[in-house]
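Colleague: Could you take me slowly through one part of this model, the metal site, and then show me what else is worth a look around it? I'd like the geometry spelled out, cut-offs included.

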Amino acid sequence: MADLEQLKRDYAGLVIRSGLNIQNGQRLSITCPVECADFARLCAAEAYKAGCREVLMRWRDDELTRMKYLCAADEVFDCVNKWEVDYLDTLSEEGAAFLTIDADDPAGLSGVDPDRIKRAQISSGKALEAYRARMMRSDCPWCVCSVPSKAWASAVFPGLSEEEAVERLWKEILAACRVDGGNAIQNWKDHSDELRKHVDILNGYNFKSLRYKNSAGTDVTVELPEGHFWAGGEEKSGTGVFFSPNIPTEEVFTLPHRNGINGTLVATKPLSHNGTVIEGFSFRVENGKITEVRAEKGEDVLKNAISVDEGASYFGEVALVPHDSPISRSGVLFLNTLFDENASCHFAFGEAYPQIEGAENMSEDELKERGANFSMTHVDFMIGSEDLQITGITHDGKEIPVFVNGNFAF
Ligand code: ZN
Ligand code: ZN
């Protein structure tokens with residue numbers, strides 16, 4: 001591998017240039033764990049080079065977050081500080097860019113009262129509704145990327161020393177992001193163009209529904225809304241620039257019809273959610289609503305997650321990822337959704353990205369009418385496998401293979 005320090009700079013450059021496409025005079029808000037401050041500095045340096053007006057930091061720390069859930073006054077979890085709402089509203093209204101550097105300990109909140117986590121999520125979901133809607137509509141460019149923290153790397157590679165685990169996780173992250181010592185930005189552009197090919201084919205078929213089946217037990221039919229479209233790789237922001245919301249990404253995705261999912265979805269990978277690892281879980285779904293939940297581990301956290309509001313028990317995303325995607329082939333279970341969702345076909349329960357033609361001119365009621373789901377949450381979970389079959393059904397009743405044995409049929 002080329003010099004790791006140089007590759008980290010290349011990755012920061014990729015995140016700032018392709019992930020956010022920072023413009024002259026634009027402000028940038030970075031959310032980052034204190035442990036990963038060196039990477040935040042690389043991103044800030046790159047942003048200033050690109051003409052960023054001001055970098056604003058929101059520091060995080062797993063241990064302090066855990067301490068707060070364990071020790072803070074109980075009423076804290078039912079309110080949100082006004083200055084925090086003002087901060088996010090002001091920046092998103094002016095078209096700032098938002099970078100999240102995610103390095104959470106996958107089980108950092110295990111054992112914390114799940115009720116406190118749920119209440120905190122509900123209060124911030126309500127207080128930050130306007131900000132969240134702007135992000136879901138991509139009014140501003142935003143990007144999520146990841147760098148190793150010691151706790152995360154050790155959870156992924158328990159057999160290695162802390163130092164070795166961090167180095168190995170860096171290697172896996174850089175490989176997944178195609179940062180290989182060559183031209184990271186050009187590699188990313190080529191990859192985005194590849195994703196675009198599948199997007200165009202899927203949009204060309206304009207499927208009425210998709211049927212999923214595999215030996216893990218998933219057996220489900222998913223109706224797609226009229227006028228839906230698929231997306232993947234780059235998106236265009238309300239400020240008129242192309243950006244990549246996730247680095248890495250391997251998915252092409254759209255929204256299901258809110259009331260149009262019927263059958264069983266069985267997870268094929270654990271899900272780290274709200275600092276807890278949920279394992280061996282499945283959903284029974286009727287007319288779009290989750291009617292039964294099972295989990296071998298973390299069932300209470302999962303049940304809370306799908307009940308933060310009404311829309312949390314409906315679905316907001318169907319995403320296709322080949323079983324032979326580079327992240328999947330690495331064989332690493334990252335215990336981090338940014339990576340694991342890009343190794344596997346997945347769904348998300350909760351809010352939909354409004355990927356319906358003409359959505360920008362529709363009211364919330366009109367979007368609901370068309371089948372878009374609304375919620376304060378959006379949680380991806382993985383259901384892909386090497387034997388997953390997906391069949392697309394067109395509006396004139398033709399059946400087209402979309403996935404055969406876990407990979408695209410076209
Ligand atoms: Zn996704
Ligand atoms: Zn998602």
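Modeller: Here's the metal site in detail, followed by a few other spots along the chain.

First, the ground rules. This is a predicted model, so local features need pLDDT of at least 70 and side-chain atom pairs count only at pLDDT 80 or more, while totals for chains, interfaces and linings use all residues. Residues are numbered from 1 along each chain as its sequence is written, chains are lettered from A and ligands numbered from 1 in the order in which they are written, and side-chain values use heavy atoms, with hydrogens and water left out.

Start with the zinc ion (ligand 1). Its protein donors are Glu251 (OE), Glu317 (OE), Glu341 (OE), His346 (NE2) and Asp380 (OD), at 2.0 to 2.6 Å. Donors here are N, O and S atoms within 2.8 Å of the metal (3.2 Å for Na, K and Ca), and water is not among the atoms, so sites may look incomplete. Along the chain, the donors of ligand 1 follow E-x65-E-x23-E-x4-H-x33-D. Glutamate 317 sits in strand E14 and histidine 346 in strand E15 (residues 346–350), so this pair ties together parts that are 29 residues apart in sequence. Helices (H or I, at least four residues) and strands (E, at least two) are DSSP runs, numbered from the N terminus.

Now the zinc ion (ligand 2). It takes Glu317 (OE), His378 (NE2) and Asp380 (OD) as protein donors, with Asp380 (OD) listed twice, and the distances run from 2.0 to 2.5 Å. The sequence spacing is E-x60-H-x1-D. What is the geometry of the site of the zinc ion (ligand 2)? It comes out as irregular, with angles of 55 to 134° among its four donor atoms. For the label: four donors count as tetrahedral if all angles lie between 85 and 135 degrees; four count as square planar and six as octahedral if opposite donors are over 155 degrees apart and all others between 65 and 115; anything else is irregular.

Glutamate 317 links the sites, bridging the zinc ion (ligand 2) and the zinc ion (ligand 1), which are 3.3 Å apart. Glutamate 317 is in strand E14 (residues 315–320) and aspartate 380 in strand E16 (residues 378–382), so here the pair ties together parts that are 63 residues apart in sequence.

Are these donors buried or exposed? Glutamate 317 is buried at a relative accessible area of 2%, aspartate 380 is buried at 9%, and histidine 346 is buried at 0%. Buried means under 20% relative accessible area, exposed over 50%, and partly exposed in between (1.4 Å probe, protein chains only).

Following the chain past E16, you reach isoleucine 383, in the loop between E16 and strand E17 (389–393). Isoleucine 383 counts as buried, at 0% relative accessibility. Leaving aside neighbours within four places in sequence, its contacts (heavy atoms within 4.5 Å) include the zinc donor His346, plus Cys345, Phe347, Val266 and Tyr212.

E16 also turns up elsewhere: together with H4, strand E3 (97–102) and strand E4 (142–146), it is among the elements covering the buried residues of H6. Those buried H6 residues are Tyr131, Arg134, Met135 and Met136. Just after H6, serine 138 has a positive phi of about 60°.

How do H4 and H6 pack? The axes of helix H4 (residues 82–94) and helix H6 (residues 129–136) come within 9 Å and cross at roughly 35°. Axes are lines fitted to C-alpha atoms, for helices over the stretch in contact, and angles run from 0 to 180 degrees between N-to-C directions. On the H4 side the contact uses Leu88, Asp89, Ser92 and Glu93, and on the H6 side Ala130, Tyr131, Arg134 and Met135. That makes four nonpolar, one polar and three charged residues. Also in helix H4 is glutamate 84, which is partly exposed at 22% relative accessibility and touches Arg58 and Arg60, residues up to four places away in sequence not counted.

Last, some backbone oddities. Isoleucine 247 and proline 248 are joined by a cis peptide bond, with omega about 10°, and proline 248 is in the loop between strand E8 (242–243) and strand E9 (252–254). Leucine 335 has a positive phi near 55° despite not being glycine; you'll find it in the loop between helix H11 (326–329) and helix H12 (337–340).

Terms used:
Ala, Val, Leu, Ile, Met, Phe, Trp, Tyr, Cys and Pro count as nonpolar, Asp, Glu, Lys and Arg as charged, and the others, Gly among them, as polar.
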